[in-house]
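Good morning, colleagues. Please bring the model up on your screens, and I shall go through it part by part.

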Amino acid sequence: MASVEQIGLWTSFLLTLMVFSYLLGDNLLYRLAVFVFAGVAAGYSAIVIWDGILIPWLHDTLLVPNATLDQLTLGAAPLLIGLLLLARSWSTRGDGLSRLALALLIGVGTAVALDGAINGTLIPLLFDTGEGVVAGNLDSILLPAGVICTLVYFQYQARRVPEGAGRRRRHVQLLAVLGQGVIVITLGAIYGAAILTSLTIFSERLGFVVQQAQVLLPTPTPTPAPGA
Amino acid sequence: MSDVYGQGAGDDPWPPGGGPPPAWAGDPAATSPLLALLGQLRDRPLNRLSRRLRRLRARSDQLARRDPTAVPNVFVPVPGAEASSAPRRRRRRRLRVGGDRFFLSLVLVSGMLLPFSSVQTRFGESAPTTFNADSPQETLYETLDALSSGDLVLVGMEYGATAAGELDTVATVLLRHILLRRAVPVVVSRYPVTLLRTEQLLTNLGQAGSALATRLERDNALAANADWFVTRFLAGDLAGLRSLSMNLQKQLATDLRGAATGLNIRQPGDFAQILVIAERPEDLRQWAEQIAPLAGSEMLGATGQAAAPLARPWLRVALSGTISGFRDALTYDSLLLQELEVTVGPPSAPRNLRALSLDASIELNWDRPLSNGGSPITAYTIRHLSTPYLDWVEVPLAGSDTNHVLTGLDNGTAYDIQLRARNAEGDGPWSEQITDVPRSVPSQAQALSLTAGDASVEASWSAPDDDGGSALTGYRLRWRRGTDDWRTADTADDVTSFTATGLTNDDVWEFQVRAVNRAGAGDWSAAETATPTAGSQALANAAANSQQAPAVATATPAIFLGTVVTGASELSLHDRADTAGAVLGIVNPGDNVLVLLRNVASTWLFVQTNDGLRGWLPAASLDLGPVDIEDVPQQAAPQPTATPQATPASVAVESPGGTAAQAPADAAPASRPGTILQAAERESSIHIGVALSIVIIALGALGNMGSAALRRGRRD
Amino acid sequence: MMRSFFTMLAVLLALTTALVTLAGLLLERQPVLLAGALATWEPLIREWSATLLQVFSISVAVSIIIGILNLLLVHLRRSGRRETGCGYSFVLFLSAATVIGLTYLERENLLTTGAEWRVLLLEQVQVTVESSLAGLLLFGLVYGAWRVMALRVNGWGSLFVLTVLLVLGAALPLPELAPLVPLRDWLLAVPVNAGARGILLGIALATIVVGARVLIGQDRSLRSGRDE
């Protein structure tokens, strides 16, 4: 009888082929694999959240023996917010309550995002970009220049109006074009890097498939390539 | 979640050739916390990957149909590909094989399969075995390498299973490095399933008998919530991350399964280091924004290749060192292998061999070898050489205890002692040599005689029959009247008489003496008594007696005596049988030396000078008299100074899952030394994939440019 | 009337929570922000802020659990009906139920090989499918780059393709392509770095704009459809 490990390897082999069948087009096998995966992911996520977050939270608040009112309120708040978020889908009357729960979350989220954007990104990155200028070499001047051009390009795009009004002065236009060039190069580099990542991931799957296939179809012992 | 970094990884950037502004610029709601809330289930590519695949397919279909209404750029969102309100017929999935796409896929797959096939194809150079000096990669390695035992390292495992093929390798080498330094990783993640996987990864890495556990000389497995921690899931995306720093103690109080961790960490600055392994650039950005400034120091970052360009701006701002991608992980693995000896071979030499002289025995203590060779130490072998025998006597010891008492030795005989460790792979090299002499306390001093004087008594005695194997260092005399307290006096080893003065006449004084050597004092001699009386002459003789200095000669038996004959000037004593060896001392023509060993070629002799110095002299420089040089014992394998031996014959090849196998280290390049499975094959496969991608993209671009030129020509 | 009231309440709640949280976050970064009598408020504000963040985090966890339950119920209902895709729904529900069931059986010591099966489902099903899906992106990316200038050839497109080719070429460790490496390194160090900084700064600025809109009650998500 096959061991659990062997069953696992063959399951993995089959699922990999089922997903790769997408190369031939969207098909039943591909979708089956994806739905199996979605179910497993949902199950694991539920377990991790239940075990790791909700149970300890309940033990620390609502389930504390002789819990104080503060503890009970604190413990119930997330449960209430979670339910209120769903209220909108249950009835139209729940819409207002749902918005209150949402408002609380949006308030907290906005504060965190604002603090991070200002203190974590804007200030440190601006300082670091500006510091480079002091070095005085060509690259250290090109870097902040590129950043400025990029921001000018974004600014132009953001203020664009449907009528096409707001014609830019020539030098601003030039900066925006340079900024567009910088962005194109950046996106090109990111795209190239994404291909490299995909190649790495695909090679791992390929290696696994070949390894399993060799169990099915034994091949001669590998021989080193000439000159290797 | 609408990707704030829509341009990242495999996501589709907005068009470089014009078109709408980026999502986050045009739609401020893109950064809304609500969207962050809805984007929690990051491990579900149904929402992301499938969407990307559908988009890419839809766009390429559209391009293939050459729909004149289509925007001429693959990066422009295609109506219908993502809009849920699009007509159903447009979204209907069909099994339709696009000819060119299928052909390109076939070419890529075929090429990338070659390195895994029966004829191993190698393409492109392997990853270097070291990082460039002062590079971010080297900084990261050195920072982790400087960790101390017990240091806590906060590890953000911010990647899902989508990036497992790339980042599992990275995470494995980094976590192994942390554990090898005996530091303690505390893992957090905003990817629920990643926590489960990391727990599995750490369990496999540190299981009993694994390369890591063996290297750490652990008989048992590394334990959760002791050697490493996988703490609970960080819900709430960005706010969840900030909640980690604000509520650090609470957040780390329980592990993945809700069990108490016992961690008591109050602020991010309490961690020795912070390391983030991120799949997406925004994960790295969020750590840089929310955690790094509060930690008070720069973090370390590891990303896939795709995120590397957008991670770069954080260098010097929030990150001190980074590595990215599979190739960096291979280099890292090589470095780890070189510096931390994750090898399977004989152990290195035991350290700090120490001896304690006992009566006819020597107690030995030592420290374990720095490396057990990747396999537990099963035994030690001690060997000792005494000059009378000139042959090493080996004493095998089972077990891994680090002490032993050598018994049945001759007191007073010098023993050279060495030790080596053994594991399943064989014996390691001999340790540094030490010399010690077993000895006991001397026997009783002999013939104590007393001569009474006026208020004094002169005591004299003779040396003990047995000095205990160690030269006497002196005598101790004691005397008393009746049951008074003893009075004492010490004499030098060559003084065997003493006059006790200030005694009361006509009382009976009791005297005893004992000999002392380096092992201690012998027994007191039998008591003798004397009664000083007025007018005695003993005092007059006392001074003269005290001048007697009988020399105590402790002759070491000479087996082969050699005389330095060569030249008129001094001769160097070398630490090895080679004139290039270090000079340990000098001998002069006419000096007598003890000849202990010869080298295999009989061209050098290992000698001991009268000063106790030992070293090698050219055989031609010594006159051995009637002794034939071949009669001198031949040098045994170890040199007087232990030299490290070449060790590994093989390396542990360990998959991230922890399955170990053996592979010869000096085999063909195919079996790259390292712990990453199929490393060489995967490298070549990736290289072939890159080359084919270049060809495909270049041909596509040239073809399109050619077609465009033709169209333009026709129009004109 | 009622809707306006809820909207106002939601805006007020969002504003209050945002300000309290933000104050706490800023005090965490810079503890000496408040002086004199105000300093006594500092620990209180920090505690409120920390509690709000914690409630946020737990609320999200609750909403995920509710979301997963909802997902499973929907698919269970769908699998009971004879409609398109009911098979897939059944597979999804079954996968999730298997994971949760195995975990339960393992915990209750009713299945000795529970841990092995759990690892199998995690590594050989979930990771396999996700990893294979990510590997599939390779073909989409390469095909996309192949056709990037299919309908229009322009300078930006050419620059983009050249950058992709340069990044890929320099990643190929062949001696013949070694001259590309310094060029790639420069590209990453200067223009790509500048572009990436521009993007990061742009995101930070956009976040600040969004944050300001929330703080002044202009955020759309706080209003119901009829308010607008």
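Strand β1 of chain B, residues 152–158, has six of its seven residues buried, so the strand is largely enclosed by the rest of the structure. Please keep in mind throughout that we are looking at a predicted model.

Which strands does β1(B) pair with? One partner is strand β2 of chain B, residues 184–188; the two run parallel and are joined by five bridges. Within that pairing, L154(B) stands opposite V186(B). The other pairing I wish to mention is with strand β4 of chain B, residues 273–278, again in the parallel sense, and here there are six bridges. In this case G156(B) is the residue that faces V276(B) of β4(B). As for the connection, β1(B) and β2(B) form a β-α-β unit together with helix α7 of chain B, residues 164–180, and the unit is right-handed.

Let me turn to a second region of chain B. There we find an open sheet of three strands, in the order β16-β17-β20, with antiparallel pairing. Its edge strands are β16(B), residues 446–452, and β20(B), residues 497–501, each of which pairs on one side only. From one strand to the next, the twist averages 20°. Strand β17(B), which covers residues 456–462, is paired with β20(B) through five bridges in the antiparallel sense. To fix the register for those following on screen, V457(B) has A500(B) as its bridge partner in β20(B).

Two backbone conformations in this part of the chain deserve a remark. A447(B) has a positive phi of about 50°, although it is not a glycine. That alanine is found in strand β16 of chain B. Is A447(B) buried or exposed? Its relative accessible area is 57%, so it counts as exposed. The second case is A455(B), also not a glycine, with a positive phi of about 60°. A455(B) sits in the loop between β16 and β17 of chain B. With a relative accessible area of 22%, A455(B) is partly exposed.

I come now to the charged contacts. How many salt bridges does a search of the whole structure find? Over all chains, the count is 27.

The first example joins D115(A) to R242(B), with the closest N and O atoms 2.4 Å apart. This pair crosses between chains: D115(A) belongs to helix α4 of chain A, residues 94–135, and R242(B) to helix α10 of chain B, residues 237–246. Both D115(A) and R242(B) are buried.

A second example lies within chain B, where the side chains of E199(B) and R257(B) meet at 2.4 Å, N to O. E199(B) is in helix α8 of chain B, residues 192–205, whereas R257(B) is in the loop between α11 (248–251) and β4 of chain B, so the salt bridge ties together parts that are 58 residues apart in sequence. In terms of exposure, E199(B) counts as buried at 15% relative accessibility, while R257(B) is partly exposed at 35%.

The third example is D283(B) with R280(B), whose closest N and O atoms are 3.6 Å apart. D283(B) is buried, with a relative accessible area of 0%, and R280(B) is likewise buried, at 8%. Which residues are joined with these two into one network? Salt bridges that share partners link E158(B), R190(B), D237(B), R280(B), E282(B) and D283(B).

Finally, the contact of chain B with chain C. Here 84 residues of chain B are in contact with 71 residues of chain C. The two chains bury about 7,400 Å² between them, and 71% of that area is on carbon and sulfur atoms. How many salt bridges does the rule find across this interface? There are two. R197(B) and E123(C) meet in a salt bridge through their side chains, at 3.0 Å from N to O.

To recapitulate, we have seen strand β1(B), largely enclosed by the rest of the structure, and the open sheet of three strands in chain B. We have also seen a salt-bridge network that includes R280(B) and D283(B), and the interface at which chain B and chain C bury about 7,400 Å². Thank you for your attention.

Technical notes: Residues are numbered from 1 along each chain as its sequence is written. Chains are lettered from A and ligands numbered from 1 in the order in which they are written. This is a predicted model: local features need pLDDT of at least 70, side-chain atom pairs count only at pLDDT 80 or more; totals for chains, interfaces and linings use all residues. Side-chain values use heavy atoms; hydrogens and water are left out. Two strands pair if DSSP finds at least two bridges between them. Helices (H or I, at least four residues) and strands (E, at least two) are DSSP runs, numbered from the N terminus. Axes are lines fitted to C-alpha atoms, for helices over the stretch in contact, and angles run from 0 to 180 degrees between N-to-C directions. Buried means under 20% relative accessible area, exposed over 50%, partly exposed in between (1.4 Å probe, protein chains only). A crossover is right-handed if, with the strands pointing away from the viewer, the path from the first strand over the helix to the second runs clockwise. Contact means heavy atoms within 4.5 Å. Buried area is the accessible area (1.4 Å probe) that two parts lose on being put together, summed over both. A salt bridge is a side-chain nitrogen of Lys or Arg within 4 Å of a carboxyl oxygen of Asp or Glu.
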